[in-house]
Amino acid sequence: MASEEMEQLVRREYKDGFVTDIESDTLPPGLDENTIAFISKKKGEPEWMLEWRLDAYRQWLKMEAPSWAHLDYPPIDYQSISYFSAPKRPEDRPQSLDEVDPKLLETYEKLGIPLHERAALAGVAVDAVFDSVSVATTFKKQLGEAGVIFCSISEAIRDYPELIKQYLGTVVPVADNYFAALNSAVFTDGSFVFVPEGVTCPMELSTYFRINAANTGQFERTLIICESRAQVSYLEGCTAPMRDENQLHAAVVELVALDDAYIKYSTVQNWYPGDENGVGGIYNFVTKRGDCRGDRSRISWTQVETGSAITWKYPSCVLRGKDSIGEFYSVAVTNGRQQADTGTKMIHIGEGTRSYIVAKGISAGRSDQSYRGLVKIGPRAKGARNFTQCDSLLIGDKCGAHTFPYQEIGNSTATIEHEATTSKIGEDQLFYCQSRGISEEDAVSMIVNGFCKDVFQELPMEFAVEAEALLNVTLEGAVG
Amino acid sequence: MLQVKDLHVTVEGNEILKGLTLTINAGEVHAIMGPNGAGKSTLSAVIAGKDGYEVTQGTVTFEGKDVLEMEIEERAQAGLLLGFQYPVEIPGVKNIYLLKSALNAQRVARGEGEMPAPEFMKLVKEKLGYMKMDASFLQRAVNEGFSGGEKKRNEILQMLVLQPKLAMLDEIDSGLDIDAMKVVADGVNSLRAEDRAILLVTHYQRLLDYIVPDQVHVLVDGRIVKTGDAELAKQLEANGYEGIEESVA
């Protein structure tokens, strides 16, 4: 075929692409501008949103996947992924828990997941998501009275276009990085939170979300805005291993805190890590960034990362406002063949800004884990301070832990403290506990939980209890 | 209660114990003394099940059961408890949590069920008082930032709470000043009972002024070369181990 003809064909396809069968629920694999137009139309988005997505896509085409991370995985074929699939129809899903993998159910049992949530997490077709609907309605009413907006990002694009235009992509620009650009082009859902001036969100945004989260797509987009003196605590994820057929996950989370605002964002991530050979696990490439835009604002990231075959994730804070505070508390656990490259970035721009980093990495099995952290102090950040503590714990002798701290100090009034330790889970500690009558498995979990205590105490109470249980399940059989 | 017969133990290819035989009955307090490197700590470590010690010959039985076949935690559950010379630090794990986990693990293994929390707290507070320890100890991480004396007291506190049948104390007096030693000795003495035995491993005689043993064994070069009563320890203090070694040779 002559290249001219080819070009024509391509152009025609592009032109005709917009009439793709909108009734269909799932797109065939492949990514081009038609795909994006389809998603945008499916979501009932305005024209400007489509343009925004297309702009991201065109920039993405010119970018290359990052290769600097300490990760090893085959190249991803972006044309082999389906970018839009509606949730499975009820008749295609397991009809009851009896049809679900007993191993999965056993894990739920160990984690203490409430009975009524297990079905939803396992993907069972349940009528109207049980009692959570009424719970959700009650929550919505309570939030509405406080003036808090909490809805899906798709709803927000339709119902609050001014807020979206004002804030979306202002923390993580569309072309920030390869995965963020991809997400900007093809995101299908996520959450939107807006807390108006002076309001403290009357509840932790969690329980309701947890159930709905089970069906969130692979390209999640979250935007949280706290106006002056507003506060919110947001919990993402779930301790239960979630069923998901999508291997690639590339989420973007943007947080904006204005003067004196406080956003606390907690994550428990437990995606499927793959089998013992690492086959079938989820690739998790996430861009999370908080913008302390206002003076004395504060953004706190707390994360417990136990799942995924590959994790690439650096929740960061841009400390723009005077005396603003950024915090990062992290526990990352890898077992089996998991790989994680995670850490944070603290960008100090404003005067008197402070940041705290406490990162705990636990490697077991044949897993490999890296902490990567950047502390950057700009020339105007007079009197900025950072404290970093970075501890690695190794279980067994086939795993690895690496630490890559970067510091860029642009003025002489800054104070930076860095502490790092790497230890092998002590034979002596294990022997000590066992010689008191405690089994090896319980001893390991006791020691590991102790190691993570500084981070767990930053989690909301309920989450902390779940996180401990999760750690124990994750590390089952890691020793011996 | 405990019978050690012709025990040979190798560590990294070196034979440390070379045919040790020892019998301890309920109600007795035994002291094992000897020069550095004689194998004193090896004996208690092997009985407790520490890794890296290879038994090449001999047997250890406790109440008729083969100790060497048991898992580490099973030995503790059966009533064998080792007090460490150098107790290890466990950051982030509260002392009270370790105590409770250990006690309940042992009780559950014995089919007694977990101890109700109020009863447990009452027990611990009583024992704390005995060891002249402040309640704040319970909330601190296990041995973290403890002084030498505090660590030793903490070991005895565990003994008092866990109530083993055979308490083995490895150099429990090392690094203690005289006041701390008295508190530790009082704690150990309070453990003395008809149905319980105590095995003290020590380098110095002075501990035995406070905890008077029924039998003293002198361990030299992997074997017990002499056994006597508390008087033997005093002789050792006066003449040193060399005198014994010479008399044996």
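## A cavity in chain A

A cavity here is a set of grid points where a 1.4 Å probe fits but cannot get out. This is a predicted model, and a search through the whole of it turns up 5 cavities of 30 Å³ or more. Let's look at the second largest cavity, with a volume of about 130 Å³.

Which residues sit closest to its centre? Of the 17 that line the second largest cavity, those are A:K360, A:G361, A:Q369, A:S370 and A:Y371. As for the make-up of this lining, it splits into 9 polar, 6 nonpolar and 2 charged residues.

The elements giving two or more residues to the lining are strands of chain A: β12 (325-334), β13 (339-348), β14 (354-363), β15 (368-377), β16 (385-394) and β17 (400-409).

## Salt bridges, and one between strands

Side chains of opposite charge can pair when their charged atoms come close. Over all chains, the count comes to 24 salt bridges.

One of them joins A:R372 and A:D341, with N to O at 2.6 Å. This pair ties together distant parts of the chain: A:R372 belongs to strand β15 of chain A and A:D341 to strand β13 of chain A, 31 residues apart. Both β13 and β15 also turn up among the strands that give residues to the cavity lining.

## Where chain A meets chain B

Now for the interface. Chain A puts 18 residues into the contact, and chain B puts in 30. Between them the two chains bury about 1900 Å², with 66% of that on carbon and sulfur atoms. Which residues of chain A lose the most area to chain B? They are A:F431, A:Y432 and A:R436, which together make up 42% of what the chain A side buries.

A:R436 has another part to play here: it forms a salt bridge with B:E155, and the closest N and O atoms are 2.9 Å apart. How many salt bridges does the rule find across this interface? There are 2. Polar contacts add to the picture, with 11 residue pairs across the interface (both residues at pLDDT 80 or more).

## The chain A side, by element and type

On the side of chain A that touches chain B, the elements that give two or more residues are α11 (427-434) and α12 (440-451). The largest share comes from α11(A), with 7 residues. By type, this side of chain A divides into 7 nonpolar, 6 polar and 5 charged residues.

Definitions and conventions:
Residues numbered from 1 in each chain as written. Chains lettered and ligands numbered in written order. Predicted model: local features only at pLDDT ≥ 70, side-chain atom pairs only at ≥ 80, totals over all residues. Heavy atoms only, no water. Contact = heavy atoms within 4.5 Å. Buried area = accessible area lost by both parts, 1.4 Å probe. Salt bridge = Lys/Arg side-chain N within 4 Å of Asp/Glu carboxyl O. Polar contact = N/O pair within 3.5 Å; in protein donor to acceptor, adjacent residues only side chain to side chain. Helix = DSSP H or I, 4+ residues; strand = E, 2+ residues; numbered from the N terminus. Nonpolar A, V, L, I, M, F, W, Y, C, P; charged D, E, K, R; others polar. 1 Å grid on protein atoms, 1.4 Å probe; cavity = no way out; pocket = protein on both sides within 12 Å on 5 of 7 lines; lining within 4 Å. Points joined across faces, edges and corners; volume = space filled by probe spheres on them.
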